Amino acid sequence: MLKFGARIIMIVTVLLIPSTYFTKASAQGGHEGHMAHGDHGDHADHGGHQALSDDEIKKRMMKWIPGADAKIGSTIDGNLSFINQDGKKVKLKEFFDRPVFVAFIFTSCPHICPTINQNMAAAAKEARKKYGDKFRLLTISFDTIRDDIKGIKAYSQNFTTEPKFWTFGLAEKESVDKLTAAFGFSFLPSEQDIWSHITMVTVVDKGGVITKQIYGTKVDSQEFSDALGAMLGKK
């Protein structure tokens, strides 16, 4: 597992973030201010991204989580695709035969993204004791500018030795906006030439229906298991 010395600030809900949060994030490299907006039209052209200041992130943040919440109950287009860690193009519907927990990350992230993956791994380990392999995990990089398949595969090996249970992949440049928007996930570059994005894991039921957004880096094991149990307990 990876080791990280920097202090991690947990994002439980936007309303609990103090005003000093963004000042601290800026001093530590800016990445701890992960959030996003609800309108993907602002970043349809990745080459034209304008970095957001901390003030601009604060102005927008109240819109971001409601945008993700609005996706709960929606059915994801199973024909949306990405490239997996082995370089194969796969469609999301290949993962909809059972519940799946989905996280979007970028591999050069110094703190938040690895923490999400680590905590998702811990939550899944606990859930497997009760539910076995009746679910799966999926982590996709949205950074089509700097990430590549070789890097994704190397990154995945920090977290799993079971690529069929936990798949890693990379969004395609031509469809990254549609793919992330389907999950209610948004992202923008920050002032420090690094991505700012909403911090969450999306819970998707069999068939591709979003049932829950788990916010923050903690990925609480009980919340994870309860969400899974609710899906598997349906008649």
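# A tour from the core outward

Of the 60 residues in the largest nonpolar core of this predicted model, Phe101 and Phe224 touch the most other members, and these two side chains make a convenient place to begin. The largest share of this core, nine residues, is contributed by helix H3, which spans residues 112-131. The model is a prediction, and the tour should be read with that in mind.

**Select Phe101.** With its neighbours within four places in sequence left aside, Phe101 is in contact with Met120, Phe135, Arg136, Leu137, Leu138, Val201, Thr202, Val203, Phe224, Leu228 and Met231. Displaying these residues together brings Phe224, the other residue named at the start, into view as one of the contacts of Phe101.

**Zoom out to the whole chain.** The secondary structure comes to six helices and nine strands, and 54% of the 235 residues count as buried. Among contacts between residues at least 6 apart in sequence, 74% join residues at least 24 apart.

**Colour the sheet.** Seven strands form an open sheet with mixed pairing, and reading across it the order is E2-E1-E5-E4-E3-E8-E9. Its edge strands are E2 (89-91) and E9 (210-215), each of which pairs on one side only. Ignoring direction, neighbouring strands of this sheet are turned by 35° against each other on average.

**Select strand E4, residues 136-141.** Six of the six residues in E4 are buried. Arg136, Leu138 and Ile140 lie on one side of the strand, Leu137, Thr139 and Ser141 lie on the other, and both of these faces are covered.

**Add strand E3, residues 100-105.** E3 and E4 pair in the parallel sense over six bridges. To follow the register, pick Phe104, whose bridge partner in E4 is Ile140, and then Ile105, which stands opposite Ser141 in E4. H3 packs on the sheet, where it touches E3, E4, E5 and strand E8 (200-204), and its direction makes about 165° with that of E3. Tracing the chain from E3 through H3 to E4 follows a β-α-β crossover that is right-handed.

**Move to strand E5, residues 166-171.** On this side, E4 is joined to E5 by five bridges, and the two strands run parallel. Leu138 stands opposite Thr167 in E5, while Ser141 stands opposite Leu170 in E5. Like E4, strand E5 is mostly covered, with six of its six residues buried. Now show helix H4 (residues 149-156), which together with E4 and E5 makes a right-handed β-α-β unit. H4 lies across E1, E3, E4 and E5 and runs at about 155° to E5.

**Stop at Thr167.** Is this residue of E5 buried or exposed? Thr167 has a relative accessible area of 6%, and it therefore counts as buried. A polar atom of its side chain lies 2.9 Å from the backbone oxygen of Pro163. Apart from neighbours within four places in sequence, Thr167 is in contact with Phe82, Asn84, Gln85, Phe95, Leu137, Leu138 and Thr139, a list that includes Leu138, the residue that stands opposite Thr167.

**Continue to strand E1.** Three bridges join E1 to E5, and here the two strands run antiparallel, whereas E4 and E5 run parallel. For a pair to display, choose Ile83, whose bridge partner in E5 is Leu170; Leu170 is also the residue opposite Ser141 of E4, so that Ile83, Leu170 and Ser141 can be shown together.

**Finish at Gly78.** Gly78 lies in the loop between helix H2 (54-69) and strand E1 (81-84). Why does this loop residue count as buried? Gly78 counts as buried because its relative accessibility is 13%, and the limit for that class is under 20%. Which residues does Gly78 contact, once its neighbours within four places in sequence are left aside? They are Lys91, Leu92, Lys93 and Phe96. To check one of these pairs in the viewer, draw a distance between the C-alpha atoms of Gly78 and Leu92, which are 4.8 Å apart in space and 14 residues apart in sequence.

Notes
Residues are numbered from 1 along each chain as its sequence is written. This is a predicted model: local features need pLDDT of at least 70, side-chain atom pairs count only at pLDDT 80 or more; totals for chains, interfaces and linings use all residues. Side-chain values use heavy atoms; hydrogens and water are left out. A nonpolar core is a set of buried Ala, Val, Leu, Ile, Met, Phe, Trp, Tyr and Cys residues joined through side-chain atoms within 4.5 Å. Buried means under 20% relative accessible area, exposed over 50%, partly exposed in between (1.4 Å probe, protein chains only). Helices (H or I, at least four residues) and strands (E, at least two) are DSSP runs, numbered from the N terminus. Contact means heavy atoms within 4.5 Å. Two strands pair if DSSP finds at least two bridges between them. A crossover is right-handed if, with the strands pointing away from the viewer, the path from the first strand over the helix to the second runs clockwise. A polar contact is a pair of N or O atoms within 3.5 Å; within protein, one must be able to donate a hydrogen and the other to accept it, and residues adjacent in sequence count only if both atoms are side-chain atoms. Axes are lines fitted to C-alpha atoms, for helices over the stretch in contact, and angles run from 0 to 180 degrees between N-to-C directions.
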